[in-house]
Amino acid sequence: MTSALFSPIRLADLELANRIVVSPMCQYSANDGCASDWHLTHLGMLANSGAALVVVEATHVERHGRITHGCLGLYSDACEAALARVMAHCRTIGTTRFGIQLAHSGRKGSARRPWEGGQALPDGEDPWPTIAPSAIPFGPDWHTPQAISREDMTRVREDFVAATRRALRIGFDAIELHMAHGYLLHSFMSPISNTRNDEYGGPREARLRFPLEVANAVRAVMPRGTPLGARITGSDWMDGGLDPDDAVAIAKALKDAGFDFVCLSSGGVSAAARNPTTPAYNAPLAEKVKREAGIAARAVGLIASPQQAEALVADGKADMIALARAILDDPHWGWHAALALGAEVTRPPQYARVAPKMWPAARYRM
Ligand SMILES: Cc1cc2nc3c(=O)[nH]c(=O)nc-3n(C[C@H](O)[C@H](O)[C@H](O)COP(=O)(O)O)c2cc1C
């Protein structure tokens with residue numbers, strides 16, 4: 001049996017052994033943006049998950065661009081040194097390649113960690129002023145952001161560039177910009193959060209202008225052989241919000257800017273938005289973007305079984321599959337998927353005796 005999920009894929013000069021990607025997942029465990037021992041353990045664990053690529057969590061390009069006080073950043077020498085230590089460890093022990101997601105929280109920043117409630121930081125918990133295209137809060141009881149000035153836009157763009165240079169110095173194999181989930185770059189694209197009446201608001205082309213300025217500035221400082229991608233939104237799931245045709249237009253614009261892949265996610269632009277809860281709910285969005293924009297597309301969202309992931313790639317609906325919760329639940333998901341699909345996966349030599357033939361494949365037909 002030949003597995004499509006376990007076939008290699010090339011993104012720019014990066015050869016990935018299979019189509020499994022660990023989705024970026026905030027850990028809220030950094031100290032002033034600096035990766036901690038939690039990251040050493042968490043990313044070290046995922047370094048041997050069988051996924052060809054692990055994308056490090058949303059890593060914020062400025063201190064006030066974090067979501068919470070625990071979010072990872074890449075805005076200081078201390079942040080760079082801490083993440084370099086973690087990645088050096090992961091490269092020594094792991095079998096995977098590593099990408100990083102660069103982000104700015106925009107109007108969803110200055111919030112508590114999810115396990116502290118996730119709401120806007122109250123006075124007394126060191127809240128900070130947030131920025132967004134327009135002074136519209138994410139939802140009731142959220143901070144009202146400042147409508148971003150031209151000076152701040154230039155600064156944020158250069159913060160993305162500086163963080164990219166730091167990520168390249170650390171040796172990441174791929175970079176991905178966070179343009180989804182209602183954070184700053186997505187909030188520019190969506191008419192729900194962007195009501196500006198200058199050249200950065202109004203028609204779609206104008207709403208994409210700032211995210212594309214950031215995209216072009218980042219691409220310009222990256223070697224062409226290092227893949228650059230973006231997580232984009234396939235739908236805001238709200239009347240008057242971004243829809244799948246917008247996603248195609250965004251993906252085409254990114255492709256023209258020299259991007260190598262997109263990941264189709266959705267939702268998160270407003271507290272009122274509700275995502276579907278059906279299996280692989282973003283996969284039709286990935287399929288449409290892959291077909292109509294002609295760029296490598298990753299699907300994510302409620303994909304949990306090897307058979308489901310295999311079918312999405314084999315049927316040409318997605319080029320790569322990203323897993324978040326399923327691979328936290330089973331950090332050897334890739335090994336078990338290989339077993340279920342009759343494929344090979346690289347294991348570290350210390351674990352080589354976990355030979356595939358030990359287990360009947362039926363055990364993993366989930
Ligand atoms: C703990 C956790 C943290 C997350 N952090 C991020 C993040 O940093 N960046 C991002 O784009 N998505 C983030 N997400 C969303 C996931 O990457 C993924 O898109 C979502 O969970 C749906 O995939 P799943 O059904 O496989 O979990 C996070 C999800 C979880 C569960």
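User: Which residues line the largest cavity?

Analyst: Happy to walk through that one. Bear in mind that this is a predicted model. A cavity is a set of points where a 1.4 Å probe fits but cannot get out. Here, the lining of the largest cavity is made up of V22, S23, M25, H42, L43, L46, V54, V55 and E57. Helix 1 (37-46) and strand 4 (53-60) are the elements that give two or more residues to that lining.

User: What volume does the largest cavity have, and how do its lining residues divide by class?

Analyst: Its volume is about 40 Å³, and the structure holds two cavities of 30 Å³ or more. By class, six lining residues are nonpolar, two are polar and one is charged.

User: Where does the ligand sit, in terms of pockets?

Analyst: Unlike a cavity, a pocket is an open set of points. In this model, the ligand takes up the space of the largest pocket.

User: How many residues surround the ligand, and which are the closest?

Analyst: There are 15 around the ligand, with S23, C26, Q101, L302 and R325 the closest. This shell has eight nonpolar, five polar and two charged residues.

User: Which polar contacts should I look at for S23, Q101 and L302?

Analyst: For a polar contact, look for N or O atoms paired within 3.5 Å. The side chain of S23 places an N or O atom 2.8 Å from a ligand oxygen. Q101 has a polar side-chain atom 2.8 Å from a ligand nitrogen. With L302, a backbone N or O atom is 2.6 Å from an oxygen of the ligand. As for cover, the ligand on its own has 600 Å² of accessible area, and the protein covers 82% of that.

Notes
Residues are numbered from 1 along each chain as its sequence is written. This is a predicted model: local features need pLDDT of at least 70, side-chain atom pairs count only at pLDDT 80 or more; totals for chains, interfaces and linings use all residues. Side-chain values use heavy atoms; hydrogens and water are left out. A residue is near a molecule or strand if one of its heavy atoms lies within 4 Å of it. A polar contact is a pair of N or O atoms within 3.5 Å; within protein, one must be able to donate a hydrogen and the other to accept it, and residues adjacent in sequence count only if both atoms are side-chain atoms. Accessible areas come from the Shrake-Rupley method with a 1.4 Å probe; for residues, only the protein chains shown count as cover. On a 1 Å grid over the protein atoms alone, a cavity is a set of points where a 1.4 Å probe fits but cannot get out, and a pocket is an open set with protein on both sides within 12 Å along at least five of seven lines; lining residues have an atom within 4 Å of a point. A molecule sits in a cavity or pocket if more than half of its atoms lie within 2 Å of its grid points. Ala, Val, Leu, Ile, Met, Phe, Trp, Tyr, Cys and Pro count as nonpolar, Asp, Glu, Lys and Arg as charged, and the others, Gly among them, as polar. Grid points are joined across faces, edges and corners, and a volume is the space filled by probe spheres set on the points. Helices (H or I, at least four residues) and strands (E, at least two) are DSSP runs, numbered from the N terminus.
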